[in-house]
Amino acid sequence: MKKHETLSKGEELLVDVLEECLDEDLSFIPPEREIARIHRFSQRFEDAMNGLLETNMEHHREQEIRRHFSPRYGHLAACVLVFCICGALIYQVTSPVFEKGAMEEIESAAMTEEAAPETAPEEESAEPESGAGQIQTKSYCGQTVILASQQEVPETLDYVTTLVNCPVQDEEKPSLYLTIGNIGENEIQYLNHYDLEVWIEDGWYRIPCNKDEKDEWLTLETGMAVDEKIDLSDYQIDYDEEQYRLITYVGEDLISAEFTFEEVFAETMEKLGDESSGE
Amino acid sequence: MFLFLALIDSPAEQEKFVEIYHQYRHFMWYLANQKLQDEHLAEDAVQEAFLALTRHLDKVEDVHSPRTKKFLATIVRSKAVDILRKLKPGEELSEYLSEDQNGVDILEQYLKKENYNYLISCILELDDQYRVIFEYKYLYQMSDAQIADILGISAKNVNVRYYRARKKLQEMIRKESDRFEEA
């Protein structure tokens with residue numbers, strides 16, 4: 001949000017006053033979790049919002065675009081763009097300056113390559129974020145993964161715990177089990193949608209899920225645990241990558257369970273070994 | 001063309017929207033319920049607010065910042081005001097009848113540091129339908145067209161409300177200072 005650029009002194013004072021009044025008003029609002037305890041959204045609301053979150057947002061945007069731009073202007077803009085591109089191409093090819101400029105460019109590119117031979121690895125498709133509007137992405141397993149918005153996610157919370165406790169059992173239909181345990185004094189709500197993220201060089205990147213299923217908030221009673229099956233065939237995964245984590249939405253919090261396939265597999269194999277030796 | 005491209009959905013924006021929804025929906029409901037005193041109408045206000053937000057996500061830079069929280073508070077309060085106005089159509093009509101050009105706008109004269117405390121108490125007492133206009137205009141630097149889009153009214157009516165809000169505030173500060181002088 002932009003800060004005040006062309007305000008008079010009086011208006012600047014009004015801005016300060018409005019800020020202070022809003023601060024004062026909001027200071028009386030209880031925390032999200034407390035409000036969540038006193039109010040549960042109606043099914044009608046949940047359905048409407050889920051619709052908006054999943055599909056209607058795009059639909060809504062399309063409506064907006066239609067409202068603001070008539071197809072005639074769109075065609076006109078497209079024609080102008082094509083004309084500009086063609087013009088630029090023709091100019092570059094026919095211009096005598098082009099050859100000199102192009103040669104210089106090639107030379108400088110070659111020099112840069114020589115000076116920095118260890119630049120980004122092959123798989124990286126995008127540069128790290130340089131401005132507020134850019135998204136940091138990487139190429140992973142033939143898909144684009146986006147830098148997770150929250151990098152620091154706690155692995156433990158005082159009222160809930162999560163654990164990945166099953167190895168990849170079947171390569172044809174691999175799956176993991178995520179155990180969610182409610183160790184707090186109140187029942188908890190968790191979302192039956194889990195974000196699978198992979199660590200690539202400098203951060204956690206969210207792997208897109210191919211599953212198109214409705215997300216639901218589920219309740220877990222105090223002292224109870226539940227095993228949630230995560231079907232990995234819904235994701236495109238490189239099983240050799242080192243570190244993964246599953247993000248679980250619990251109430252207003254996020255909790256992460258980190259794992260590697262080798263590690264989980266080795267743990268289970270050890271356990272199986274112990275059991276068979278015990279027998 | 002650039003505007004057209006800017007309107008196209010991006011995964012980052014969707015992610016931002018989902019994050020805002022999960023983080024602030026209860027907070028927004030609470031504010032709406034304070035105003036409407038009706039759980040279901042408050043849910044409607046929240047829903048309307050999120051719909052409006054899809055068109056103004058660019059105003060949200062950091063989901064977790066206090067500024068975002070305030071912006072959402074303004075949107076949901078304005079939606080609650082909208083619902084209240086629809087419940088009382090008579091009041092709505094009077095609002096739209098004329099531009100109410102009587103009287104002189106001398107608010108600027110009252111906006112002085114000496115009046116800071118009056119201003120605070122006046123803004124706290126000012127009706128939300130006027131206060132949100134000030135917030136959109138001054139805190140979030142939104143144009144009349146943008147405010148009109150959020151409120152679902154014409155830009156001309158935004159202007160009418162804005163001038164009414166200025167006059168109302170001016171009147172309140174004057175009364176407040178008179179009361180202080182009398183005391």
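**Group meeting: helix 3 of chain B, the cores and the A–B contact**

Okay, let's start with helix 3 of chain B, residues 39-54. This helix has 16 residues and runs 23 Å from its first C-alpha to its last, close to the 22 Å you'd expect at 1.5 Å a residue. Keep in mind that this is a predicted model.

So which residues of that helix are buried? The list goes B:Ala42, B:Glu43, B:Ala45, B:Val46, B:Gln47, B:Glu48, B:Ala49, B:Phe50 and B:Leu53. Yes, there are two glutamates and a glutamine in there, B:Glu43, B:Glu48 and B:Gln47.

Hang on to B:Val46, as we meet that residue again in the largest nonpolar core. That core has 50 residues, and the ones touching the most other members are B:Met28, B:Ala32, B:Val46 and B:Val76. Helix 2 of chain B, residues 11-36, puts in the largest share, 10 residues. Domain 1 (9-87) and domain 2 (97-183) of chain B both contribute residues, so the core lies between them.

Take B:Ala32 as an example. Leaving out residues up to four places away in sequence, B:Ala32 touches B:Ala42, B:Ala45 and B:Val46, plus B:Val76 and B:Ala80. There's also a second, separate core of 16 residues, and among its members are A:Val164, A:Val198, A:Trp204 and A:Phe259.

Right, on to where the chains meet. Chain A brings 43 residues to the contact and chain B brings 48. On the chain A side, helix 1 (9-27), helix 2 (32-38), helix 3 (43-68) and helix 4 (71-94) each supply at least two residues. Helix 1 of chain A gives the most, with 12 residues. Sorted by class, that side of chain A has 27 nonpolar, 7 polar and 9 charged residues.

That's my bit, thanks!

How values were computed: Residues are numbered from 1 along each chain as its sequence is written. Chains are lettered from A and ligands numbered from 1 in the order in which they are written. This is a predicted model: local features need pLDDT of at least 70, side-chain atom pairs count only at pLDDT 80 or more; totals for chains, interfaces and linings use all residues. A nonpolar core is a set of buried Ala, Val, Leu, Ile, Met, Phe, Trp, Tyr and Cys residues joined through C-beta atoms within 7 Å. A residue is buried if 20 or more other C-beta atoms lie within 10 Å of its own, exposed if 12 or fewer, and partly exposed in between; C-beta atoms are placed from the backbone. Helices (H or I, at least four residues) and strands (E, at least two) are DSSP runs, numbered from the N terminus. Domain bounds come from an automatic or database domain assignment. Two residues are in contact if their C-beta atoms, placed from the backbone, lie within 7 Å. Ala, Val, Leu, Ile, Met, Phe, Trp, Tyr, Cys and Pro count as nonpolar, Asp, Glu, Lys and Arg as charged, and the others, Gly among them, as polar. The expected span of a helix is 1.5 Å times one less than its number of residues.
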